[in-house]
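Here is a short briefing on a single structure. Pockets, ring contacts and charge pairs are the topics.

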Amino acid sequence: GQVFTCDTLHLTAGRAELEIADALDELAGRQFLAQEPGGGRFRHEIVREVVYQSISAYRRGLLHRRAGEALERLHPEDAAALARHFEHAGLPDQAARHALQAGLAAKKVYAPVETLANLDHALALLRQAGKALRDPTAIAANRRMQIEALSERGWALRLLGDMTAYARDLEEEGQLAGVLGDPATLAHWRWRQASAHLWFCRHDAARAAAQDGLRLSRAAGDRFLEAACLRAAGLAARAAGDYDAAQNSLEQALSIFAALDQASYQVHTLGNLSTLWLQRGDPAQALALAQQALSLCEAVGLQVDRRIPLGDMGAAAAALGEVDLARQRLAESLASARQISDRTQEILCLGHLGWLDVQQGQVAAALERLHAALALAEQVNSCAEQPWLHAGLAEALRLAGDLDAAAAHARQALALACAAGQAHDQRLAQWVSDRLAAH
């Protein structure tokens, strides 16, 4: 790189310390390098590039390997640099492990674009490495790493709203899981499959995948996957209007997540229950669950996850008529969602703010927010929110006196809700249609 430390230079070059010091002094004297405390830097990138290209391919590979080994000793946290060095050393298996770690590190700080880039790199390296493997144990390990990379890439794709790519990855993961054949791996795949079905509003398929994942996770004795599959089953039941089954599954999932100390999953499941109670017509209970989730975030330092309960609090407060609290919480959640590119949460917050504007008779603001939310939902191919947003636009246009446009949106809301099998949205769309008919 442009900047280096003497420690890494010493381990990479394999020369005596005094020999390195003499060489650095000479190069600095000839204005190729600038010496700095603990290391140095090239004065110009073009000098570094010319020197690099002048080294033979064999020597470059050798020095990249030594540089990677030096970084493993001195800076093991620099996973992206380690992946680069081992890749150029012709060691794709080692490079892949570090690229995967770089992706996981980016995920920890909610950087989905960087996560995606590193995991794309890891998968390419794993596929390259896999071609040369002959030992069955090594082949199985390579496949498991590919499954892990595909799964973690799914987190980034889900956050960014690229569910078409998510579905493609899921097919590949299913093939790999089927070859490996163990219950835990298959349960993990079925859980992810259920999540994809939920995104595309295939609720019966989601419920079937979650139930199969539940069976497999229990056979494997994997409590986390059991809870994850219970949560997916609960979300499918909620969408279909089977609220008792949804509550039962979600509360079971919440209990297991709590026992496993999985705070982030507790927060998300509490949010799912909050929405459930809102749909059941009990916004006070919905608000209490959202507050519980927010308190958990603050207790364990889940700053980014706060966007979920903040949005849920805003939705519940709006239903209770607490307009100021609703706007404040929804605005906070929206800002956080945009900061980490969480498209789904952005759609939900814009939609709730738009419906709040409708309730307050603020037609222009409602139309602006609801149109923005709908455009984003269509952009990321998210079908779950579209009926509810069309219904909001129908109400806003009814208030504006544009009854023809309002009727068109009402028909679209009802058609989409029926096609998706979303019971709550069907009732909402029918309510909007009835109001228009009575106008």
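The points below cover one pocket, the aromatic contacts and the salt bridges.

The model is predicted. Its second largest pocket has a volume of about 1400 Å³. The structure holds six aromatic pairs and 29 salt bridges.

**The second largest pocket**

- The second largest pocket is lined by 35 residues, and those closest to its centre are G1, F4, L9, T12 and F42.
- Six elements each give two or more residues to this lining: β1 (3–5), α1 (6–13), α2 (17–29), α3 (45–54), α4 (57–74) and α5 (79–88).
- Helix α4 provides the largest share of the lining, with seven residues.
- By type, the lining residues of this pocket divide into 20 nonpolar, eight polar and seven charged.

**Aromatic pairs**

- F4 and F42 form an edge-to-face pair, at 6.3 Å centre to centre and 70° between the planes.
- This pair links distant parts of the chain, as F4 is in strand β1 and F42 in strand β3 (residues 39–42), 38 residues apart.
- F4 and F42 are both buried, and both are among the residues closest to the centre of the second largest pocket.
- W191 and F224 have ring centres 5.7 Å apart and planes at 85°, so this pair is edge-to-face.
- W191 belongs to helix α10 (residues 183–199) and F224 to helix α12 (residues 223–239); the pair links distant parts of the chain, 33 residues apart.
- W191 and F224 are buried.
- Ring pairs also extend beyond these two residues: W191, F224, F257 and Y265 are linked into a cluster.

**Charges over rings**

- R48 places its charged end over the ring of Y52, 5.9 Å from the ring centre.
- R190 lies over the face of W189, and the distance to the ring centre is 5.8 Å.

**Salt bridges**

- Side chains of opposite charge can pair when their charged atoms come close.
- R65 and E69 meet through their side chains in a salt bridge of 2.9 Å, N to O.
- Both R65 and E69 lie in helix α4, four residues apart, which is about one turn of the helix.
- R65 counts as partly exposed because its relative accessibility is 30%; E69 is partly exposed as well, with a relative accessible area of 35%.
- R127 and E172 also meet in a salt bridge, at 2.9 Å, N to O.
- R127 is in helix α7 (residues 112–131) and E172 in helix α9 (residues 163–180), so the pair ties together parts that are 45 residues apart in sequence.
- R127 is partly exposed at 34% relative accessibility, and E172 is partly exposed with a relative accessible area of 22%.
- R192 and E173 meet in a salt bridge of 2.1 Å, N to O.
- The R192–E173 pair links distant parts of the chain: R192 sits in helix α10 and E173 in helix α9, 19 residues apart.
- R192 counts as buried because its relative accessibility is 4%, and E173 counts as buried at 1% relative accessibility.
- Salt bridges that share partners join E45, R48 and E49 into one network.

**Shared residues and elements**

- R48 appears twice: its charged end sits over the Y52 ring, and R48 is part of the salt-bridge network with E45 and E49.
- Helix α4 also appears twice: α4 gives seven residues to the lining of the second largest pocket, and α4 holds both R65 and E69.
- Helix α10 holds W191 of the W191–F224 ring pair and R192 of the R192–E173 salt bridge.

Technical notes: Residues numbered from 1 in each chain as written. Predicted model: local features only at pLDDT ≥ 70, side-chain atom pairs only at ≥ 80, totals over all residues. Heavy atoms only, no water. 1 Å grid on protein atoms, 1.4 Å probe; cavity = no way out; pocket = protein on both sides within 12 Å on 5 of 7 lines; lining within 4 Å. Points joined across faces, edges and corners; volume = space filled by probe spheres on them. Nonpolar A, V, L, I, M, F, W, Y, C, P; charged D, E, K, R; others polar. Phe/Tyr/Trp six-rings, centres within 6.5 Å; stacked < 30°, edge-to-face > 60°. Buried < 20%, exposed > 50% of the residue type's maximum accessible area, 1.4 Å probe, protein only. Lys NZ or Arg CZ within 6 Å of the ring centre and 35° of its normal. Salt bridge = Lys/Arg side-chain N within 4 Å of Asp/Glu carboxyl O.
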